[in-house]
Amino acid sequence: GHGHYDLLNVEIYAEGRPLVVDPGRYTYSEEGDNFRRWFKGTAAHNTVCVDGLDQTPYRRGRPGKHVAVGVPGPRLSAPGLDILAGSAVSPCYDTRHTRRILFVGDEYWIVEDRLEAERSHRYDLRWHLSAEAWSATELHDEATGPVVIAPGMVLAFAGSEEVSLEPGWVSARYGVKEAAPVVSVRAWGGDARFLTLVDPRRGDRVSRLRIRSDADSSGATIVEVEGPGAARDVVAWSERPTHLSLGSLACTANAAW
């Protein structure tokens, strides 16, 4: 009854400041616009919303018999590369959501979200930013895909997903809410995939995320992260038992999945 419908939700901090945040609680009241339900819902968290539905049907009190279930995935830690994975299934739709988070070189994150279903759905990947980012966030169309520039970070997306900025809310303490931007990334179909780069570095840097090969002969996904000048990292991972690698001008790390 007190939990939120937030399986696979993440919060991201860097350099002592919040970048991607959980909007919080705000209120238990259901009067008026029923912000209790909004702050509790799946769309108010940093995860994927399917067909605009919550992962678990909304109830005021204890949840019913049918609730969403999260399944922990494997974790890998090696010099220059940390990976954490998990999945979620819901009684409200037939989609299985699998999330993989890569922390690369102690510098930035790549988040992969895979959606698998027999039927076609609308998928909304949502990233909630801090109140500091309100009126200070910009969306740009780069050659490699959309890029969002916000205080303290760059969000870059691979592929041709539809990306927009929407108004949202955050509540740092009970009963008080502040306006904050939401980055919404959409896709349609039975199966879909989102790739997000969360890079806390700023200045003149506008990071870009590019899919070099969606599936090579080993079944690996290979992406390039482009920084300023000639700096570039190549990161690869696979669903199959293989090797994961990070390569750049400065370092190389290899680890078995």
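How many aromatic pairs does the count come to? In this predicted model, the count comes to six aromatic pairs, and several of them can be described ring by ring. The rings of Tyr 26 and Phe 35 have centres 5.8 Å apart and planes at 90 degrees, an angle over 60 degrees, so this pair is classed as edge-to-face. The rings of Phe 35 and Phe 39, with centres 6.4 Å apart, have their planes at 55 degrees, so that pair is tilted. Phe 35 and Phe 39 both belong to helix H1 (residues 35-40), and because they are four residues apart there, about one helical turn separates them.

Ring pairs join Tyr 26, Phe 35, Trp 38, Phe 39 and Trp 169 into a cluster. Within this cluster, Tyr 26 is buried, at 15% relative accessibility, and Phe 39 is buried as well, with a value of 0%. A charged residue is also placed against these rings: the charged end of Lys 177 sits over the ring of Phe 35, 4.6 Å from its centre, and Lys 177 lies over the face of Trp 169, again at 4.6 Å from the ring centre.

Tyr 26 also takes part in a long-range approach along the chain, for its C-alpha atom lies 7.9 Å from that of Ala 172, although the two residues are 146 apart in sequence. Ala 172 is part of strand S12 (residues 162-173), and because its relative accessible area is 76%, over the 50% limit, it counts as exposed.

## Nonpolar cores

The largest nonpolar core has 30 residues, of which Tyr 123, Trp 127, Met 153, Leu 155, Phe 157, Val 183 and Phe 194 touch the most other members. For Val 183, the contacts beyond its neighbours within four places in sequence are Leu 125, Arg 126, Trp 127, Leu 129, Val 148, Leu 155, Phe 157, Val 163, Ser 164 and Leu 165. Apart from this core lies another, of 20 residues, and its members include Leu 76, Leu 195, Leu 209 and Trp 237. As background, nonpolar side chains in soluble globular proteins tend to be buried together.

## Polar residues in strands

Glu 112 lies in strand S7 (residues 108-116), and because its relative accessibility is 1%, under the 20% limit, this acidic residue counts as buried. When residues up to four places away in sequence are set aside, Glu 112 touches Thr 98, Arg 99, Arg 100, Arg 193, Phe 194, Leu 195, Thr 221 and Trp 237. Its surroundings thus include Phe 194, which is among the residues with the most contacts in the largest core, as well as Leu 195 and Trp 237, both of which are members of the 20-residue core.

His 97, in strand S6, is likewise buried, at 5% relative accessibility. With residues up to four places away in sequence not counted, His 97 touches Leu 8, Thr 47, Val 48, Gly 86, Ser 87, Ala 88, Asp 113, Arg 114 and Leu 115. The side-chain polar contacts of these two residues are as follows.

| Side chain | Partner side chain | Distance |
|---|---|---|
| Glu 112 | Arg 114 | 3.0 Å |
| Glu 112 | Trp 237 | 3.1 Å |
| His 97 | Asp 113 | 2.7 Å |

Arg 114 therefore appears in both settings, as a polar partner of the Glu 112 side chain and among the residues that His 97 touches.

## Backbone and cysteines

Most residues other than glycine have a negative phi, and most peptide bonds are trans. Against that background, Glu 15 has a positive phi, near 55 degrees, and its place is in the loop between strand S1 (12-14) and strand S2 (17-20), where it is exposed at 77% relative accessibility. Asp 106 also has a positive phi near 55 degrees; this residue is found in the loop between strand S6 (96-104) and S7 and counts as exposed, at 60% relative accessibility.

What number of disulfides does a search of the whole structure find? The search finds zero. Among the cysteines, Cys 49 is buried, with a relative accessible area of 4%, whereas Cys 92 is partly exposed because its value of 28% falls between the limits of 20% and 50%.

Key
Residues numbered from 1 in each chain as written. Predicted model: local features only at pLDDT ≥ 70, side-chain atom pairs only at ≥ 80, totals over all residues. Heavy atoms only, no water. Disulfide = S-S within 2.5 Å. Buried < 20%, exposed > 50% of the residue type's maximum accessible area, 1.4 Å probe, protein only. Helix = DSSP H or I, 4+ residues; strand = E, 2+ residues; numbered from the N terminus. Core = buried A, V, L, I, M, F, W, Y, C linked by side-chain atoms within 4.5 Å. Contact = heavy atoms within 4.5 Å. Polar contact = N/O pair within 3.5 Å; in protein donor to acceptor, adjacent residues only side chain to side chain. Phe/Tyr/Trp six-rings, centres within 6.5 Å; stacked < 30°, edge-to-face > 60°. Lys NZ or Arg CZ within 6 Å of the ring centre and 35° of its normal.
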